[in-house]
Structures are given as structure tokens and as C-alpha cells.
Amino acid sequence: MKEESRHAIVFGASGLIGWALIDQLLRRYPEAGAFSKITAVTNRPIKLSDFHWPEPGINRPILQLVSGVDLRRSDGATLSGSLKQAVKDIDTVTHLFYQVFTSVPDDIEEVAVNGRMFQAVITAHNLLCPNLQFVIFPGGTRGYGIYAAGGVFTPPLTETMVNTLPPDYAKTVVYPTYRGILIAASQQKNWTWCEVCPDAIIGFTPNGSQFSLALHWAQYLSLYAYNHGVEPTPKQAKTTAVKVAFPGNAAGASSFFSPVSATILARFMIYASLHPDTCGGGQLFNIADNEVPCTYGELWPQLANWFGLVGTGPVENSKIDESSLAVGELPQAACALTPGEYISRHKNVFAQCGHEKAVNGGVSAGSRQLDSVGYWLTFDRHLSLEKLRETGFKADRDPIEGWIDSFEMFKRAGLIL
Ligand SMILES: NC(=O)c1ccc[n+]([C@@H]2O[C@H](COP(=O)([O-])OP(=O)(O)OC[C@H]3O[C@@H](n4cnc5c(N)ncnc54)[C@H](OP(=O)(O)O)[C@@H]3O)[C@@H](O)[C@H]2O)c1
């Protein structure tokens with residue numbers, strides 16, 4: 001098959017990773033001609049213009065948007081029937097990027113539901129795509145045990161650690177299920193696969209997200225600035241004396257982690273998919289913007305500054321036993337409104353200011369979990385990037401850049417004031 005005939009299909013194209021993947025593919029990363037066709041698949045219907053992807057231009061790959069594909073309703077056979085109808089040239093798909101995730105309150109049920117959706121997609125592509133070459137999906141540091149109070153492993157977190165995850169915890173995470181599906185489905189096939197492991201992903205989504213910390217904090221800081229008389233400016237540069245405290249405790253502000261911008265994550269996923277020999281074979285790769293870990297305490301003042309605010313440390317040094325908090329738990333001592341509570345209380349401001357899209361375009365299922373980030377992620381959890389570097393992928397970035405890019409996109413899309 002000629003190189004110029006590569007066809008990428010992205011499931012979850014409206015999500016944090018999926019949006020950035022399509023964006024990078026349309027910007028012709030890594031080079032013009034790498035992909036000739038791109039199919040973006042979404043669940044909730046959304047207009048193409050609302051994505052804010054690059055406009056058509058010379059040499060831009062052909063983009064096809066297929067909305068309304070709810071994977072919860074399908075098995076492999078029914079999905080293959082509907083994709084055959086809905087996706088032009090589905091038989092030419094060469095690269096499958098799977099970015100779908102649906103949050104379910106019960107962890108075991110969440111694994112089952114997401115596992116079934118993934119199985120349906122893989123089965124359908126095995127039936128429909130004889131030229132399939134590569135499949136890639138994102139895992140995450142949840143797969144290293146960060147949802148357990150205090151974490152499981154001592155960082156830097158390395159890829160082999162997933163093999164020693166305690167079984168009781170492992171069964172609450174869907175990534176091992178995905179691996180099992182791909183191992184079985186790729187037998188005797190011409191395609192290979194890999195998994196990437198990001199920690200917090202910083203990026204843009206056009207119509208909300210379940211777990212976008214950047215969107216959650218951006219809406220909070222935007223409303224907070226407005227309510228304190230700080231006028232939004234085109235570059236958000238005029239900093240006032242209005243202070244906003246880090247929504248967490250001292251340990252949450254000072255623990256090390258390795259965030260990744262959705263742009264860098266998307267670029268590595270595309271890079272990996274084009275290097276099956278070095279990146280295939282079911283390998284797992286950590287990914288982050290930078291080898292040097294950072295802290296929320298360093299980032300917070302810079303984030304607040306973009307909104308004309310002064311970001312300060314936590315309100316009080318929490319005296320509770322931090323190691324007892326697990327994912328989604330907030331300490332009793334957290335007396336101020338959390339970002340999520342603040343957004344809910346003041347959302348009407350978005351509508352009053354004519355930002356209708358912001359009213360329903362925020363964080364959905366993950367709001368409470370994101371509120372608790374600064375309280376339960378109190379332990380170091382940074383990633384080793386040694387294996388990533390061995391692939392030849394090079395892209396060091398200052399993590400703050402991903403936040404600023406996202407804020408600018410939120411503003412452009414009317415998701416913040
Ligand atoms: N967010 C983070 O910081 C982070 C960090 C590490 C790992 N991860 C991992 O990354 C993966 C994706 O998460 P994300 O944060 O990118 O989520 P997200 O922004 O909420 O995106 C999820 C995508 O899944 C789609 N989707 C949900 N239910 C669907 C369904 N029933 N049928 C078809 N599509 C459906 C959504 O489409 P609609 O919006 O159209 O429903 C959306 O495009 C997850 O495995 C997550 O664990 C995320």
C-alpha cells in the first residue's frame with residue numbers, strides 16, 4: 001500500500017485526546033502526505049465548524065466527520081454494519097486511534113462497559129479493514145495505582161510496573177482488558193498495536209469533557225475573575241491584586257507529577273503508529289511534556305496570572321491524614337467552594353454574558369474527582385521517559401505552554417469569558 005493512501009480513523013474525536021489527534025493530523029504532522037484521509041467519529045452530534053480545527057487548505061488530508069456513533073449500543077457485528085454504511089472508504093482504514101472512555105460510577109461495571117465498546121470497535125475493524133496496520137489507545141497513570149490512597153509504586157513510574165499492580169486494584173482499571181482484547185484480536189493479523197500512558201492531559205475540547213482539568217480550572221478562574229471585577233482582556237495580561245488560592249493542600253501543591261499537553265500526546269501517538277517496528281508489539285510508553293517533573297504549586301500562579309489573578313498557595317495547611325484520601329474524596333477541612341461548586345453556583349454568568357456554549361460545555365462526570373485533585377494527589381507520581389526517548393521521539397515542552405494554548409482555545413470557542 002502506498003504511503004499517501006494511509007487512512008486514520010479516530011474514535012472519540014471530540015474528546016481531549018481525539019480532538020488533538022485530528023488537529024495534528026490536519027496540520028499534517030509529522031509531514032505532508034503522511035495521511036491522505038481522516039475519519040473523525042463522535043458520539044454526541046457536533047457541527048464541524050464547532051471543532052475549530054484547521055480550515056481546508058492545500059495538501060490537507062480529506063476529513064470525514066461521522067457523528068452519533070454510540071458504542072454502548074453495539075457489538076462487533078452491528079457496529080461493522082453501521083460503520084460500513086456511515087464511513088466512506090472504511091475498507092481503506094490503516095490506522096485506528098481509539099480515544100473513547102465513558103465514566104461509570106461502579107469501577108467493575110466501568111471496566112465491563114468500556115471493555116465491550118472497545119471489543120466492538122476492534123471486531124468491526126478486523127471485519128472491515130483488510131489493510132489495518134496499527135491500533136493505539138491511551139491508558140493512564142490510573143494503571144500505575146494512583147487512584148489508591150497514597151499510590152502504589154515509588155516513582156519514577158516505569159512501564160514494567162503495570163505487571164505488578166495488585167490484582168484487587170487491577171480489576172478496577174480497564175486498560176488490562178484492552179490489552180487482552182488486542183492480544184487476541186491481532187493474532188494472525190497484519191496489524192500491531194501499542195498503548196500510551198499519560199498522567200494529566202492538558203488540552204482543548206469543543207463541547208466539554210469528562211476529565212479535563214484545564215477546562216475545569218479555566219471555567220473556575222474565568223468566573224472568579226469576572227466576579228471579582230477583573231475584566232477579561234485579549235491577552236488576559238493585566239494582573240490585579242485579586243488573589244485566588246490553590247484548590248488543594250500543601251502536599252497536593254508540592255508533589256511531583258508529569259503532565260502532558262494533548263498536542264504532544266497526539267504527536268507521539270501518530271509517531272508511534274508510523275513506527276510499528278519500534279513502537280508496536282503491544283508495548284506501553286509513558287508520555288509527558290518534559291523529563292523534569294513539575295508541581296501544581298509551580299503552575300497555579302502562572303495559570304491564575306493568565307486570568308489577571310494572583311494565584312496563591314493553599315488556604316490552610318490541612319492537618320488531616322492525607323494518605324487516607326482516595327480518588328474523589330475531599331477533606332472535611334476544605335471549607336471554601338471547590339472549583340466545581342463555584343462553577344455550578346455562578347454558571348448563569350456565562351449565559352448573562354452571551355457565552356451559551358460555556359453553560360453546558362464544561363466538565364461532566366469527572367467534576368468532583370477534579371475538585372479533589374489538589375487534596376488526594378499528595379504523593380510523587382512522576383513518569384520515567386527513558387523508554388519514550390529510546391523510540392527516537394523528541395519533544396520537550398514547558399508544561400505551562402499546553403495550559404496557555406488550551407485557555408486561548410477555550411476563549412476562542414466561547415467556553416470561558
Ligand atoms: N483526562 C485526562 O487527563 C486523562 C489522563 C490520563 C488518561 N486518560 C485516559 O484517556 C482516555 C480518554 O479520556 P479523556 O479524558 O480524553 O475523555 P473525554 O475528553 O471525556 O473524551 C472521551 C471521548 O469518548 C467519547 N465517548 C464517550 N462515551 C461514548 C460512547 N458511548 N460512544 C462513543 N463515544 C463515546 C466521547 O464522545 P462524546 O463527547 O461525543 O460523547 C469523547 O469523545 C481514557 O481512557 C482516560 O482514562 C485521561
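Let me start with one pair of side chains: Glu 401 and Arg 397 form a salt bridge, with 3.2 Å between the closest N and O atoms, where a salt bridge is a side-chain nitrogen of Lys or Arg within 4 Å of a carboxyl oxygen of Asp or Glu. Before going further I should say that this is a predicted model, in which local features need pLDDT of at least 70 and side-chain atom pairs count only at pLDDT 80 or more, while totals for chains, interfaces and linings use all residues. Residues are numbered from 1 along each chain as its sequence is written, and side-chain values use heavy atoms, with hydrogens and water left out.

To stay with that pair, Glu 401 counts as partly exposed, at 37% relative accessibility, and Arg 397 counts as buried, at 14%; here buried means under 20% relative accessible area, exposed means over 50%, and partly exposed lies in between, with a 1.4 Å probe and protein chains only. Arg 397 also forms a salt bridge with Asp 405, for which the closest N and O atoms are 2.5 Å apart, and Asp 405 is partly exposed, with a relative accessible area of 34%. Salt bridges that share partners also join Lys 37, Lys 88 and Asp 89 into one network.

A further salt bridge links Arg 389 to Asp 396, with the closest N and O atoms 2.7 Å apart; Arg 389 is partly exposed at a relative accessible area of 24%, whereas Asp 396 is exposed at 54%. Altogether, the structure holds 13 salt bridges.

Now to helix packing. Two packed helices are described by the angle between their axes and the distance between the axes. The axes are lines fitted to C-alpha atoms, for helices over the stretch in contact, and the angles run from 0 to 180 degrees between N-to-C directions. The helices (H or I, at least four residues) and strands (E, at least two) are DSSP runs, numbered from the N terminus.

How do α1 and α8 pack? Their axes are 8 Å apart, at an angle of about 65°, and that makes α1 roughly perpendicular to α8, given that 65 to 115 degrees counts as roughly perpendicular, under 35 as roughly parallel, over 145 as roughly antiparallel and the rest as oblique. The crossing of α1 past α8 is right-handed, a crossing being right-handed if the near helix is turned clockwise from the far one by less than a right angle, and left-handed if anticlockwise. On the α1 side the contact (heavy atoms within 4.5 Å) is made by Leu 16, Ile 17, Ala 20, Leu 21, Gln 24 and Leu 25, and on the α8 side the residues include Leu 265, Met 269 and Ile 270. By class, this contact of α1 with α8 has ten nonpolar, two polar and one charged residues, with Ala, Val, Leu, Ile, Met, Phe, Trp, Tyr, Cys and Pro counted as nonpolar, Asp, Glu, Lys and Arg as charged, and the others, Gly among them, as polar.

One residue from each of these helices deserves a closer look. Leu 265, in helix α8 (residues 262-273), counts as buried at 0% relative accessibility, and, leaving aside neighbours within four places in sequence, Leu 265 is in contact with Ile 17, Val 196, Pro 198, Ile 201, Val 260 and Ile 287. Asp 23, in helix α1 (residues 16-26), also counts as buried, at 6%, and, with the same neighbours within four places left aside, Asp 23 is in contact with Trp 53 and Pro 54.

The second helix pair is α6 (residues 213-227) and α10 (residues 296-306), whose axes come within 11 Å and cross at roughly 50°. That makes α6 oblique to α10. The contact is made by Leu 213, Trp 217, Tyr 220 and Leu 221 of α6 together with Tyr 296, Trp 300, Leu 303 and Ala 304 of α10, and these residues divide into eight nonpolar, no polar and no charged.

Finally, some backbone details. The peptide bond from Tyr 29 to Pro 30 is cis, with omega near 0°, and Pro 30 is found in the loop between α1 and β2 (37-41). Another cis peptide bond joins Pro 155 and Pro 156, with omega about 5°. Gln 188, although not a glycine, has a positive phi of about 60°, and Gln 188 is exposed, with a relative accessible area of 78%.
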